Amino acid sequence: LRDNRIELVRASWHELSISVSDVSLSDEGQYTCSLFTMPVKTSKAFLTVLGVPEKPQITGFTSPVMEGERMQLTCKTSGSKPAADIRWFKNDKEVKDVKYIKEEDANRKTFTVSSTLDFLADRNDDGAVVSCRVDHESLNSTPQIAMQVLEIHYTPLVKIISSNSWPEEGQTIILTCESKGKPVPEPVLWTKDGGELPDPERMVVNGRVLSISFLNKTDNGTYRCEAKNPIGRNSTEYVLIVH
């Protein structure tokens with residue numbers, strides 16, 4: 001062996017030891033030690049060199065993604081020998097049923113492996129952390145991980161909350177319009193029976209809150225709250241019956 005990466009560690013009548021530094025894939029193969037007696041005695045050992053996978057990368061993500069759109073995230077790592085294992089997680093929960101592709105690298109010794117996560121964007125995934133985990137025997141049980149935070153835009157979800165489940169004449173009722181969307185919805189619009197609020201002195205809108213004081217039977221009707229953002233609009237209704 002003539003290579004400046006190989007050093008003689010110990011040489012005696014009983015033992016000959018070498019060390020190989022900066023090991024490369026070309027160092028794999030059969031090594032032979034010979035004892036020059038008559039006849040010559042030899043011993044052989046096969047050295048297997050593992051290919052360490054490169055740090056994985058996630059591609060295919062554009063921000064933001066609209067709810068209902070199909071997302072295809074691909075995770076790829078090269079240089080593993082044998083081929084590395086790729087697993088997907090969403091908020092630390094493993095995602096099954098993913099595509100896995102193994103391709104031979106140009107050196108024909110190592111592999112590039114990739115996996116594709118295919119799903120429809122959902123509002124519940126907004127802010128979720130998607131991670132791609134690469135496991136390989138060369139990593140000593142410390143996997144390599146790539147992460148991507150999802151940003152999903154969606155139409156507002158609207159709900160009306162009433163302060164009084166049994167409104168009576170003379171009382172005050174407060175209707176709160178809760179709207180959740182991304183981007184954050186614009187100020188809500190309140191209407192009654194399809195038109196403007198009929199009595200602005202008693203029916204006061206403050207942000208998302210509609211307050212009706214000194215209730216009377218003319219206030220009976222359907223109150224609608226509508227919220228919108230650049231993605232779309234949504235509304236909900238509350239039927240008021242004054243007792």
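**View 1. Residues 156-241 have end C-alpha atoms 27 Å apart.** The span is 55% strand and 0% helix. In UniProt, an unreviewed entry lists residues 156-241 under "domain: Ig-like". The model shown here, as in every view below, is predicted.

**View 2. Residues 56-148 are the other span that the UniProt entry lists as "domain: Ig-like".** Here the end C-alpha atoms lie 12 Å apart. Strand makes up 57% of the span, and helix makes up 0%. The entry behind this label is unreviewed.

**View 3. The whole protein has 20 strands and 0 helices.** Its radius of gyration is 34 Å, well over the 18 Å that the globule rule gives for 243 residues, so the protein is more spread out than a compact globule. Taken along the principal axes, the C-alpha atoms fill a box of roughly 120 × 30 × 30 Å. Now look at contacts with a separation of 6 or more: 58% of them join residues 24 or more positions apart.

**View 4. The surface of the protein comes to about 15,600 Å² of accessible area.** Carbon and sulfur atoms account for 51% of that area. Of the 243 residues, 33% count as buried. The protein carries 29 positive and 34 negative charges. The mean positions of these two sets are 7 Å apart.

**View 5. Arg10 sits in strand β1, which covers residues 6-11.** Is Arg10 buried, partly exposed or exposed? Its relative accessible area is 45%. Buried means under 20% and exposed means over 50%, with partly exposed in between. Arg10 is therefore partly exposed. Which residues does Arg10 touch, leaving aside neighbours within four places in sequence? Its contacts are Glu15, Leu16 and Ser17. Asp22 is 12 residues from Arg10 along the chain. The C-alpha atoms of Arg10 and Asp22 are separated by 19 Å.

**View 6. A cis peptide bond joins Ser63 and Pro64.** Omega for this bond is about -5 degrees. Where is Pro64 placed? Pro64 is in the loop between strand β5 (57-59) and strand β6 (65-66).

**View 7. The peptide bond from Lys182 to Pro183 is cis.** Omega is near 0 degrees here. Pro183 belongs to the loop between β15 and β16. Strand β15 spans residues 173-182, and strand β16 spans residues 189-192.

**View 8. Asp97 has a positive phi, near 55 degrees, and is a residue other than glycine.** Find Asp97 in the loop between β9 (93-95) and β10 (99-104). Is Asp97 buried or exposed? With a relative accessible area of 82%, Asp97 is exposed.

**View 9. Asp193 is not a glycine, yet its phi is positive.** The value is about 50 degrees. Asp193 lies in the loop between β16 and β17, and strand β17 covers residues 203-206. The relative accessible area of Asp193 is 51%. The cut-off for exposed is over 50%, so Asp193 counts as exposed.

Key. Residues are numbered from 1 along each chain as its sequence is written. This is a predicted model: local features need pLDDT of at least 70, side-chain atom pairs count only at pLDDT 80 or more; totals for chains, interfaces and linings use all residues. Side-chain values use heavy atoms; hydrogens and water are left out. Helices (H or I, at least four residues) and strands (E, at least two) are DSSP runs, numbered from the N terminus. The radius of gyration is taken over C-alpha atoms; the globule rule is 2.2 Å times the number of residues to the power 0.38. Buried means under 20% relative accessible area, exposed over 50%, partly exposed in between (1.4 Å probe, protein chains only). Contact means heavy atoms within 4.5 Å. Accessible areas come from the Shrake-Rupley method with a 1.4 Å probe; for residues, only the protein chains shown count as cover. Lys and Arg count as positive and Asp and Glu as negative; His and the chain ends are not counted. The place of a charge is taken as NZ of Lys, CZ of Arg, CG of Asp or CD of Glu. UniProt positions are given in the numbering used here, feature names are shortened, and annotations may be inferred rather than shown by experiment.
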